Amino acid sequence: MSKTLNRRDFIKTSSATTVGVATIASGITLTSFAVNANENPVTKDKRWGMLVDTNKLTEVEIDGMVSACQQENGWGSEVHSTGDQKPTWVKKLKVQDKATGKITSLPLMCQHCEEPPCVDVCPTNASMKREDGIVLVDKHLCIGCRYCMMACPYDARSFVHEELTDQREHMPRGKGTVESCTLCVHKVDNGESPACVASVNSDAVIFGDLYDPKSNINQTLKKVQSAQIRADLDLNTGVRYSGI
Amino acid sequence: MYRLVAILMVLLVSNVFAHGHQEQHDLGEEANSIKASGKIFHTDGLDVIRKMHPEFLNHKRDKTLREGVRTKEGSLKGCVNCHSTKDKKTNQYHPVNDQDQFCSTCHQQVSVSVDCFSCHRTTPRKGTK
Ligand code: SF4
Ligand code: SF4
């Protein structure tokens, strides 16, 4: 084997090593984790958020984010749904500056609003926001009325039109309920980043606790100019964009 | 007349016994091996888990979904992982809610439909992707 590693080899090698370490120490890591993060309810001390730098993020990377989300959460292979019926948790959106004609692409998913209209309109309390700012659908309570889909200014929610099987173990999904980006809550609760964020090999998309002054996202947001989409609605979104 | 009542009574009683002596259903791969090893998983007693499992599951679902508490106790994933059986020919897991599989046997008998699996995965993740 040649001594100079190209980048791909390096990633392969390093990830193999990481897995090795994780296996050796798995018992210990899991136990300490359970005490720290998973046994106690999440609190208002944190607010999870994401910052997307549209100048750095390429279109290929956005497509990669979409497929990472599909792979992680198991949507996108609905065979009986047509056109608009197909669930879309995150999509590639192109915005054009009317004056200059400049086109910017960005990934659009649930913006995890602090004041979510989808929660306001839900008649059953199924549409909900966790203390740490993650907006979810409690499918146990959802009656499929789709009010929340109408209320969401970002068109972020989908209705499942067909019976599903073979769902991901961590992501129950089913006919007659509404779903949307969960910010990969099952990963976040395990101390990991959302799948779409992890799929980007640069700092074009960063994820973290908006409130934590030591977090990368907090510090970056203090430095760079950023925007919320439809900031005029005053929803105080958790997902922010720079470069638009 | 007395004779008729007596026959009826006998029929009724034997019917009850027939239910009492139901054949043992397969507990599922992992549950079987736990039982064979002499360990007890449901330490509160089988009567407790039999009667209370809907409450345990509902309690846990709210804790996990709304509060982010992700302990293993009372998790539906755990039930599915432990109580699934494999098809001997194909070596694939049967969905745990298929007819005569673990989750269905009792529910069939008492005519209760199980709603969990219109959304939740019905086979263990192990061995699949
Ligand atoms: S983006 Fe839409 S679905 Fe997400 S929190 Fe806001 S209103 Fe709700
Ligand atoms: S579709 Fe479900 S989550 Fe949305 S408003 Fe109706 S009940 Fe609530």
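**Close-up 1. The β2–β3 hairpin of chain A in this predicted model.** Strands β2 (residues 90–96) and β3 (residues 103–109) of chain A run antiparallel and are joined by seven bridges. If you want one pair to anchor the view, take Gln96(A), whose bridge partner in β3(A) is Ile103(A). Six residues sit between the two strands of this hairpin. Check the backbone at Gly101(A) while you're there: it takes a positive phi near 80°.

**Close-up 2. The open sheet β8-β1-β9 of chain A.** Here we've got three strands in the order β8-β1-β9, with mixed pairing. Strands of a sheet pair through backbone hydrogen bonds, either parallel or antiparallel. Which strands stand at the edges? They are β8 (205–209) and β9 (239–242) of chain A, each with a single partner strand, so one side of each has no neighbour in the sheet. From one strand to the next, the twist averages 20°. Strand β1 (residues 48–53) of chain A pairs with β9(A) in the parallel sense, over four bridges. Leu51(A) has Arg240(A) as its bridge partner in β9(A).

**Close-up 3. Helix α8 of chain A on the sheet.** Helix α8 (residues 216–223) of chain A lies across β1, β8 and β9 of chain A. Relative to β8(A), α8(A) runs at about 115°.

**Close-up 4. Helices α2 and α4 of chain B crossing.** The axes of α2 (residues 29–36) and α4 (residues 76–83) of chain B come within 4 Å and cross at roughly 75°. Angles of 65 to 115 degrees count as roughly perpendicular, and α2(B) and α4(B) therefore fall into that class. On the α2(B) side, the contact is made by Glu29(B), Glu30(B), Ala31(B) and Ile34(B). From α4(B) come Asn81(B), Cys82(B) and His83(B). Sorted by class, this contact of α2(B) with α4(B) has three nonpolar, two polar and two charged residues.

**Close-up 5. The surroundings of ligand 1.** Several cysteines turn up around ligand 1, namely Cys110(A), Cys113(A), Cys118(A) and Cys152(A). Pro116(A), Pro117(A) and Pro153(A) are there too, along with Gln111(A), His112(A), Val135(A), Tyr154(A) and Arg157(A). By class, that shell has nine nonpolar, two polar and one charged residues.

**Close-up 6. The surroundings of ligand 2.** Which of the 14 residues around ligand 2 come nearest? Those are Cys122(A), Cys142(A), Cys145(A), Arg146(A) and Cys148(A). The class count for the shell around ligand 2 is 10 nonpolar, three polar and one charged.

Definitions and conventions. Residues numbered from 1 in each chain as written. Chains lettered and ligands numbered in written order. Predicted model: local features only at pLDDT ≥ 70, side-chain atom pairs only at ≥ 80, totals over all residues. Heavy atoms only, no water. Near = heavy atom within 4 Å. Nonpolar A, V, L, I, M, F, W, Y, C, P; charged D, E, K, R; others polar. Pairing = 2+ DSSP bridges. Axes fitted to C-alpha atoms, helices over the stretch in contact; angles between N-to-C directions. Parallel < 35°, antiparallel > 145°, perpendicular 65-115°, else oblique. Contact = heavy atoms within 4.5 Å.
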